[in-house]
2 protein chains.
Amino acid sequence: MAKSSGASIFPSRRVRRTPFYEGVTAAGMSVCTVYNRMILPSVFEGEVYDYHHLKKHVQVWDVSCERQVAVQGPDARRLMDMLSPRDLDRMADDQCYYMPAIDRDGGLLNDPVLVKLAEDHFWISLADSDYLQYVLGIRDALGLDVRVWEPDVSPLAVQGPKSDDLMARVFGDAARDIRFFRYKKLAFEGQEFVVARSGYSKQGGFEIYVEGTENGMPLWDALFAAGEDLEVRAGCPSTRERVEGGLLSYGNDMDRSNTPYEIGLGKFVNSPRDYIGKAGLASRSEPERQIRAVEIAGDELTPIAGIWPLLADGRKVGQVTSAGWSPDFNTTVSIAMVDRSHWDAGTRLEVETTDGMRPATVHEKFWI
Amino acid sequence: MAKSSGASIFPSRRVRRTPFYEGVTAAGMSVCTVYNRMILPSVFEGEVYDYHHLKKHVQVWDVSCERQVAVQGPDARRLMDMLSPRDLDRMADDQCYYMPAIDRDGGLLNDPVLVKLAEDHFWISLADSDYLQYVLGIRDALGLDVRVWEPDVSPLAVQGPKSDDLMARVFGDAARDIRFFRYKKLAFEGQEFVVARSGYSKQGGFEIYVEGTENGMPLWDALFAAGEDLEVRAGCPSTRERVEGGLLSYGNDMDRSNTPYEIGLGKFVNSPRDYIGKAGLASRSEPERQIRAVEIAGDELTPIAGIWPLLADGRKVGQVTSAGWSPDFNTTVSIAMVDRSHWDAGTRLEVETTDGMRPATVHEKFWI
């Protein structure tokens with residue numbers, strides 16, 4: 001069974017269509033998901049076809065569902081300092097900053113990237129939860145002088161080895177000079193967009209923060225027109241590719257019960273300020289479990305739709321939360337949360353999959 | 001086109017299955033949606049069939065997606081008093097309290113029902129947004145001594161004219177004595193559940209707050225076994241039935257840009273305390289637009305999946321946000337936000353539907 005239920009999605013305003021919706025439907029989106037109450041494509045031609053194409057050519061991804069929390073005003077920096085475990089003094093003006101979003105106990109509330117537009121103006125680019133409401137709660141409780149809202153900004157990603165070539169054709173050669181997790185403001189038809197070298201794949205590429213719904217389809221069409229000989233196609237995050245690369249998914253691989261340390265991001269806990277959760281995190285800096293790459297033996301499995309327990313001698317020592325068949329590595333790659341007692345590379349475990357027990361091995365690192 | 005895209009939903013842990021998932025798939029869920037990152041059925045046999053059956057018999061609805069925010073501890077009541085525009089002193093111990101959830105400006109953050117389990121223990125039963133994060137934000141900013149979490153509680157609704165009969169067979173005759181928006185704790189196989197007379201239809205019925213995922217399918221099966229001769233079926237909220245009845249949907253009919261006054265719930269803004277948003281609401285108590293029932297002329301329309309502008313002499317004076325063909329009233333019923341200048345009953349407007357312009361009329365009230 002390749003689908004959650006065989007059921008399709010009921011039309012409503014609540015599950016929002018994106019500025020690129022016309023494009024993704026015309027391009028043949030066949031499976032999708034809902035992310036921040038917005039449609040996110042999951043499959044076009046087929047999972048394996050999309051995967052190989054991503055690694056060889058260039059794809060345009062509608063990731064509008066990465067909604068922004070805009071924070072602007074006199075207290076914007078004060079508010080961000082309260083929210084960020086990562087030291088914002090070290091953040092360059094053109095930097096995109098991975099920022100663990102936590103509550104007072106250090107539990108993860110989201111998995112966002114912070115973009116600094118000005119000293120008093122930030123975007124928090126979200127994973128799948130309404131972190132906007134947490135930010136509002138802090139603001140409202142403390143009476144801060146800052147506006148917090150969801151702007152009309154919809155990221156469009158360009159991913160794959162030919163991304164630089166395609167972007168240069170549409171945004172000019174300046175796109176090639178953008179460094180990793182940095183951005184430039186580049187113009188398309190007179191409209192300036194934040195263009196960052198980032199994205200949810202390991203194949204290289206960009207995210208264009210498209211401001212204004214009306215600018216969506218013209219940019220979409222321009223990218224496809226410019227990239228015909230590059231074999232550009234509509235694509236989307238590929239589970240198997242992101243698992244090979246160890247890219248985590250909030251809601252799948254971690255949630256509020258986990259800390260930044262458990263997902264291997266303790267290095268981003270370095271703010272000298274008295275942010276919310278500092279004391280909570282201090283007591284949790286030596287995690288008892290952590291994210292690991294785990295290889296699952298045997299042939300291709302029924303897709304995972306919950307958790308798969310990891311067992312050692314019949315005792316649960318972790319759980320697989322994302323998995324997929326890797327055509328390039330000819331095995332099932334997975335992301336798991338594993339107890340300290342069993343997290344060393346090479347540890348042999350068993351995993352209780354939808355199709356029964358399978359041998360599993362803790363990998364030293366992710367595949368790519 | 002009866003479906004949002006024709007695309008089905010990609011399997012993942014992030015889009016959660018419910019304790020009743022086995023039941024709804026066996027019962028033939030054919031269309032679904034995602035609500036609070038959880039599967040919510042939208043259609044079983046067919047929209048019209050499901051609608052007629054709901055009005056004549058009894059249905060069991062998997063509304064697990066109405067997630068609870070549990071608030072418990074010494075500061076629980078203090079926190080609730082800060083959050084609630086509605087006077088909690090007037091709340092009876094067994095009451096389910098419709099409580100507008102707002103930010104400091106009075107903008108709606110959710111559309112929940114509050115359940116008081118004890119003086120220091122509440123459940124906030126959510127519509128579709130992470131209001132949990134707002135509650136956490138207030139708690140964390142003020143350092144309140146209260147625990148805030150999402151418990152393993154999944155509501156199961158029993159709706160339709162034969163609801164009392166079915167509930168009495170499974171929970172005993174005490175179920176019949178539950179008053180509207182009140183609850184009793186009733187036992188099923190030795191397990192006590194909060195059972196309220198409430199639900200998202202106008203056909204009467206109950207919501208059972210099922211604690212413990214493992215208790216889900218046994219209760220589901222017991223309801224179906226007990227109700228065979230009552231013609232019990234699996235069902236779900238019916239858009240056309242809830243629009244006939246004027247039941248609003250957060251994310252469809254209102255969002256953070258709206259106040260309780262605009263959705264006709266000013267009567268629930270009555271707390272004497274200094275709650276968050278009191279000043280913001282005070283300046284917005286005379287709304288310039290408000291929810292209205294609007295009838296749309298002509299035959300059945302392509303389902304709405306965004307907004308349909310309402311026009312008077314070519315000028316926008318509102319928007320339709322939910323609509324559906326009503327078999328019983330032989331017309332398209334809709335919920336709209338209409339400007340004061342055009343909200344009087346009988347006002348004739350035009351509505352720009354997916355299928356083109358149609359005449360529309362502001363109704364005096366909803367249909368049932």
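This note goes through a predicted model of two chains, from the overall fold to single residues.

1. **Chain A overall.** The secondary structure of chain A comes to eight helices and 22 strands. Its C-alpha trace spans about 60 × 50 × 40 Å along the principal axes. For 368 residues, a compact globule would have a radius of gyration near 21 Å; chain A has 21 Å, so the two agree.

2. **Packing and contact order.** Of the 368 residues in chain A, 56% are buried. Take the contacts in chain A between residues at least 6 apart in sequence: 67% of them join residues at least 24 apart.

3. **Domains.** Chain A divides into three stretches of assignment. Domain 1 covers 21–66 + 152–242, domain 2 covers 68–149, and domain 3 covers 288–362. Between domain 2 of chain A and domain 3 of chain A, the C-alpha centres lie 34 Å apart.

4. **Symmetry of the pair.** A turn of 180° with a shift of 0.0 Å along the axis lays chain A on chain B, with an RMSD of 0.0 Å. The two copies are therefore related as by a two-fold rotation axis. The interface fits this picture. In chain B, 100% of the interface residues of chain A are interface residues too, so the copies meet through the same surface.

5. **The interface.** Contacts link 51 residues of chain A with 51 residues of chain B. On the side of chain A that touches chain B, the elements giving two or more residues are β1 (8–9), β2 (31–35), β3 and α4 (131–142) of chain A. The most comes from α4(A), with 10 residues. By class, that side of chain A has 24 nonpolar, 17 polar and 10 charged residues.

6. **Strand pairing across the chains.** β2(A) is joined by two bridges to strand β1 (residues 8–9) of chain B, and the two run parallel. Opposite A:V31 stands B:S8 in β1(B).

7. **B:R17, a loop residue at the other chain.** B:R17 sits in the loop between β1 and α1 (21–26) of chain B. Is B:R17 buried or exposed? Neither label applies: it has 19 C-beta neighbours inside 10 Å and so counts as partly exposed. The cut-off for buried is 20 or more. Leaving out residues up to four places away in sequence, B:R17 touches A:A305, A:G306 and B:I39. From B:R17 to B:R77 is 60 residues in sequence and 32 Å in space, C-alpha to C-alpha.

8. **Helix α2 of chain A.** Which residues of helix α2 (residues 47–56) of chain A are buried? They are A:E47, A:D50, A:Y51, A:H53, A:L54 and A:K55. Their cover includes β3 (38–43), β4 (59–62), β12 (153–159), β16 (233–235) and α7 (239–244) of chain A. As background, an α-helix has 3.6 residues a turn, so residues three or four places apart point the same way. In the buried set, A:E47, A:D50 and A:L54 are among those listed.

9. **The β18 hairpin.** In chain A, strand β18 (residues 308–312) and strand β19 (residues 315–326) pair in the antiparallel sense over five bridges. A:P309 has A:Q319 in β19(A) as its bridge partner. Two residues lie between the strands of this hairpin, and A:D313 takes a positive phi near 50°.

10. **The further partner of β18.** β18(A) also runs antiparallel to strand β21 (residues 348–353) of chain A, joined by two bridges. Here A:L311 has A:E350 in β21(A) as its bridge partner.

Notes:
Residues numbered from 1 in each chain as written. Chains lettered and ligands numbered in written order. Predicted model: local features only at pLDDT ≥ 70, side-chain atom pairs only at ≥ 80, totals over all residues. Least-squares fit on C-alpha atoms with pLDDT ≥ 70 in both. Contact = placed C-beta atoms within 7 Å. Buried ≥ 20, exposed ≤ 12 C-beta atoms within 10 Å, placed from the backbone. Helix = DSSP H or I, 4+ residues; strand = E, 2+ residues; numbered from the N terminus. Nonpolar A, V, L, I, M, F, W, Y, C, P; charged D, E, K, R; others polar. Pairing = 2+ DSSP bridges. Rg over C-alpha atoms; globule rule 2.2 N^0.38 Å. Domains from an automatic or database assignment.
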